[in-house]
Amino acid sequence: MERCGEEGALIDCQRKKNEYYYTTREEVQSVSDNGKHCVLEDASIYTVDQLQKAGLHPIVILVKCKSSHEIRSVRNCTAEQAQRAINKATKLESEHLPKFTSIVSGNHCDDLFKSIISAVNLHKGSFWLPIR
């Protein structure tokens, strides 16, 4: 895996339960070449960096809920998991704000979906570089 990351072939690797899921540069490029957007759920800041290094210019959206109740209305999780998600989003926003194209929030799935679509439509076709 390290070798793939060094060569830029591997964009993302996640472990869910006992299985690993990989996303390669070629997979993302193939989706992009077909005029579509590739949605990478729960992508890390490392993933964003890898996409930028590969010249793929990602639209990076942080979905931020204000309360654990909001998270639990859109995702099946415990109150503790929801609170951890809020803390993680707050930390990501404070430590990596320049890497986000947009930050969206909403009270229901429909609100979040509309906000995400709006952010994608607003930024598609534009290229940006993070401020360093």
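Which helix does Lys-88 lie in? A few notes on this predicted model follow, starting there.

1. Lys-88 belongs to helix H5, which covers residues 79-96. Its relative accessible area is 54%, so Lys-88 counts as exposed. For a sequence-distant partner to look at, try Lys-64: the two lysines are 24 residues apart in the chain, and their C-alpha atoms are 9.6 Å apart in space.

2. On the nonpolar side of things, the largest core has six residues: Ile-45, Val-48, Val-60, Leu-62, Ala-89 and Phe-100. Apart from that core lies another one, made of five residues, including Ile-71, Cys-77, Ala-82 and Ile-86.

3. Helix H3 (residues 45-53) is worth a look alongside the core. Its buried residues are Ile-45, Thr-47, Val-48, Gln-50, Leu-51 and Gln-52. Of these, Ile-45 and Val-48 are also members of the largest nonpolar core. After H3 comes Gly-55, with a positive phi near 75°.

4. What about the cysteines, and how many disulfides does the structure hold? The number is zero. Cys-13 has a relative accessible area of 23%, so it is classed as partly exposed. Cys-65 is at 10% relative accessibility and therefore counts as buried, the cut-off for buried being under 20%. Cys-77, as noted above, is one of the residues in the five-residue core.

Conventions
Residues are numbered from 1 along each chain as its sequence is written. This is a predicted model: local features need pLDDT of at least 70, side-chain atom pairs count only at pLDDT 80 or more; totals for chains, interfaces and linings use all residues. Side-chain values use heavy atoms; hydrogens and water are left out. A nonpolar core is a set of buried Ala, Val, Leu, Ile, Met, Phe, Trp, Tyr and Cys residues joined through side-chain atoms within 4.5 Å. Buried means under 20% relative accessible area, exposed over 50%, partly exposed in between (1.4 Å probe, protein chains only). Helices (H or I, at least four residues) and strands (E, at least two) are DSSP runs, numbered from the N terminus. A disulfide is a pair of cysteine sulfur atoms within 2.5 Å.
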